[in-house]
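Here are my notes on this one, point by point. Have the model open while you read.

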Amino acid sequence: MTIMTDAQRSAASAAAACRMGYAIWRVPGGDVFRMIVATGPARTRPVFGAETPPGFVLCPFDATDGNAALHLAADIEVGADIRYRRGDALTDTPQTDAQAAFAAADAQGPLQAAPSDLPEPAPTERAAYEARVARAVAAIEAGRAEKIVLSRIDPRPLSPDHDLRDLLEALARAYPQAFVCLTSSAEAGTWLVATPEILLTADADGVRTMALAGTQWPEPGTDIAALTWPQKIVDEQAVVAREIARAFAAAGLHDTTETPAGTVQAANLCHLRSDFHAPAATPEQLADLLRKLHPTSAVCGMPRATARDFILSEEGPTRGFYTGYLGPVNIDGETRLQVNLRTARITPTHAYLHVGGGIVAASDPATEYEETVQKARTIGAVL
Ligand SMILES: C=C(O[C@H]1C=CC=C(C(=O)O)[C@@H]1O)C(=O)O
């Protein structure tokens, strides 16, 4: 069972009391939480670069440079104990005034999101979403795009005494194979995430990503291995996979292997997925690859520029960090960027669930709406 350590629980309260950014995460299949606290403001920096310090990054959906993201520096790392960073070293005692202020913070009560200056998202009603889907289908039928990924916002009230640490632990317990995360900063707001999708990981073992598409919500107890997929989903997943294979080759990564597409479970949902691996790459190759991958056709569409313009004209800037990416960078030699899906932006009073789906020529608006209802259950189940 994944639970936060006492040090992590109190560090989260201390970070919130000091208005410092923090991130707490559990990797798929892992049994511990990792945590960092940034004593200074988040800065936009290259994710893969010559001197990217250890930290946690968040990149929005609509990024001008896919390799540039908000970077929360790992000034403090928290596991069983609290460790303070000075240069490359971690020590048991605070090294800066800001670290000392964090160490002295005495915060009680539940952990909740700080009020923020970011705009409150407006909900998307069923009729508005279905009309949006119908317009995407018309654009696809007119030959303007092959696929457009649309989304909507589903607000849920939070109980006055909720504690974000308890919600995070509940997600980790419910979804052992998800990347589960809580992150908060003045610049990006507060996000609670249980995502099944890797955008890019890089460590000593090489580089990995996945091509994910298609969604089914089988009855509990269904034999997942026996699920079949309609040809339109098989084709859609193949399009995502082809785009990834092209990106690897164009970034100069060779000897890439791809597994056959198979069914994977993600909370109450199933997707069709193939996995990619390449031997280790240089930071320049990784930067190039990240720019080519983000946003993938699993969250944007095909062709990318047309789909992006369509999404922004329909949804405005409401996605923010939803369908962007987030994750630890250069923490113990690993960088793990996950697509920010099955996610909610948290305010002091509400969880704003962001849910979407890929629209193709054969899409039916009512079924697409139902798909977003099912996707909302991933985070909704613990609220
Ligand atoms: C856009 C979302 O899902 C994407 C990832 C997997 C399957 C998807 C689909 O079936 O449409 C989407 O491409 C979301 O969960 O909000």
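1. How are α3 and α8 oriented to each other: parallel, antiparallel, perpendicular or oblique? They are oblique, since roughly parallel means under 35 degrees, roughly antiparallel over 145, roughly perpendicular 65 to 115, and oblique the rest. Helix α3 (residues 126-141) packs on helix α8 (residues 365-380) at about 125°, with the axes 9 Å apart. Axes are lines fitted to C-alpha atoms over the stretch in contact, and angles run from 0 to 180 degrees between N-to-C directions.

2. A caveat before going on: this is a predicted model, where local features need pLDDT of at least 70, side-chain atom pairs count only at pLDDT 80 or more, and totals for chains, interfaces and linings use all residues. Residues are numbered from 1 along each chain as its sequence is written, and side-chain values use heavy atoms, without hydrogens and water.

3. On the α3 side, Arg126, Tyr129, Glu130, Val133 and Ala134 meet Pro365, Ala366, Glu368, Tyr369 and Thr372 of α8 (contact means heavy atoms within 4.5 Å).

4. The other pair is α1 (residues 6-17) with α4 (residues 164-174), at about 135° and with axes 11 Å apart. That makes α1 oblique to α4. Arg9, Ala12 and Ser13 in α1 touch Arg165, Asp166 and Glu169 in α4.

5. Now the ligand. Its oxygen atoms have these partners: a backbone N or O atom of glycine 356 at 2.9 Å, a side-chain N or O atom of glutamate 371 at 3.3 Å, and a polar backbone atom of glycine 214 at 3.4 Å.

Definitions and conventions: Helix = DSSP H or I, 4+ residues; strand = E, 2+ residues; numbered from the N terminus. Polar contact = N/O pair within 3.5 Å; in protein donor to acceptor, adjacent residues only side chain to side chain.
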